[in-house]
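This report goes through one protein model, from its overall layout to single residues. Please keep the sequence and the structure in view while reading.

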Amino acid sequence: MDETLLLAAGLDKAFIGVGRRCSQPSVAVYSIPKAIQILQQDGMTEDEAREYLEFNSIGAWVGARTPIWVEVMTIDEFIETENDV
């Protein structure tokens, strides 16, 4: 793992690890809830922080090394979320 990771500026405490896939570059992995907490500490509301993250980070493709953003949930929570759509 000698590759350079793309890191999200100002969100070091939301970094939770490195994602690896066969024959693909390693990518930084971030916790969405932790990132939201950091943005709230900077003065945003929870809704503002989520919207900011969705637009500026989660929704931004910057190439093969684009970080992964994780919303931790159980399989039951995932299924429930999918059924709500």
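The text below covers the fold, the aromatic residues, a salt bridge, two surface patches and some single positions.

## Overall layout

The model is predicted. Its secondary structure consists of three helices and three strands. Read from the N terminus, these elements come in the order β-β-α-α-β-α. The C-alpha trace spans about 35 × 35 × 20 Å along its principal axes. The protein has 85 residues, and 28% of them are buried.

## The aromatic cluster

Which residues form the aromatic cluster? They are Phe15, Tyr30 and Trp69. The structure holds two aromatic pairs. In one of them, the ring centres of Phe15 and Tyr30 are 5.7 Å apart and the ring planes stand at 80°, so this pair is edge-to-face. Planes over 60 degrees apart count as edge-to-face. Phe15 belongs to strand β1 (residues 15-19) and Tyr30 to strand β2 (residues 27-31), so the pair ties together parts that are 15 residues apart in sequence.

Tyr30 also forms an aromatic pair with Trp69, and this pair is stacked, with 4.8 Å from centre to centre and 20° between the planes. Here too distant parts of the chain are linked: Tyr30 sits in strand β2 and Trp69 in strand β3 (residues 68-70), 39 residues apart.

The members of the cluster can also be described by their exposure. Tyr30 and Trp69 are both buried. For Tyr30 the relative accessible area is 1%, and therefore Tyr30 counts as buried. Phe15 has 32% relative accessibility and so counts as partly exposed.

## The salt bridge

How many salt bridges does the count come to? The count is one salt bridge. Its partners are Arg50 and Glu71, whose closest N and O atoms are 3.2 Å apart. Arg50 is in helix α2, while Glu71 is in the loop between β3 and α3, so the bridge links distant parts of the chain, 21 residues apart. Arg50 is partly exposed because its relative accessibility is 30%. Glu71 is partly exposed because its relative accessibility is 32%.

## Two surface patches

One patch on the surface is negative, and its members are Glu46, Asp47, Glu48 and Glu51. Of these residues, Glu46 lies in helix α2 (residues 46-58). With 46% relative accessibility, Glu46 counts as partly exposed.

Another patch is nonpolar and covers about 370 Å². Met73, Ile75, Phe78 and Ile79 make up this nonpolar patch. Phe78 is placed in helix α3 (residues 75-84). The relative accessible area of Phe78 is 39%, which means that Phe78 is partly exposed.

## Single positions

Is Ser23 buried or exposed? Ser23 has 72% relative accessibility and therefore counts as exposed. This serine is located in the loop between β1 and β2. Ser23 has a positive phi of about 60°, although it is not a glycine.

Ser26 is also in the loop between β1 and β2. Its relative accessible area is 7%, so Ser26 is buried. The cut-offs explain these labels: buried means under 20% relative accessible area, and exposed means over 50%.

Tyr52 is part of helix α2. At 39% relative accessibility, Tyr52 counts as partly exposed.

Ile36 can be used as a reference point for two of these residues. The table gives its separation from each, in sequence and in space.

| Pair | Separation in sequence | C-alpha to C-alpha distance |
|---|---|---|
| Ser26 and Ile36 | 10 residues | 24 Å |
| Tyr52 and Ile36 | 16 residues | 9.1 Å |

Ser26 and Ile36 are thus 10 residues apart along the chain and 24 Å apart in space. For Tyr52 and Ile36, a separation of 16 residues in sequence goes with 9.1 Å in space.

## Helix α2 and Tyr30 again

Helix α2 appears in several of the sections above. Glu46 of the negative patch is in helix α2, as is Tyr52. Arg50, which is in helix α2 as well, forms the salt bridge with Glu71.

Tyr30 takes part in the edge-to-face pair with Phe15 and in the stacked pair with Trp69.

Methods:
Residues numbered from 1 in each chain as written. Predicted model: local features only at pLDDT ≥ 70, side-chain atom pairs only at ≥ 80, totals over all residues. Heavy atoms only, no water. Patch = residues over 30% accessible without salt bridge, like charges linked within 9 Å, V, L, I, M, F, W, Y side chains within 5 Å. Areas by Shrake-Rupley, 256 points an atom, 1.4 Å probe, with all protein chains shown as cover. Salt bridge = Lys/Arg side-chain N within 4 Å of Asp/Glu carboxyl O. Lys, Arg positive; Asp, Glu negative; His and termini not counted. Charge placed at Lys NZ, Arg CZ, Asp CG, Glu CD. Helix = DSSP H or I, 4+ residues; strand = E, 2+ residues; numbered from the N terminus. Buried < 20%, exposed > 50% of the residue type's maximum accessible area, 1.4 Å probe, protein only. Phe/Tyr/Trp six-rings, centres within 6.5 Å; stacked < 30°, edge-to-face > 60°.
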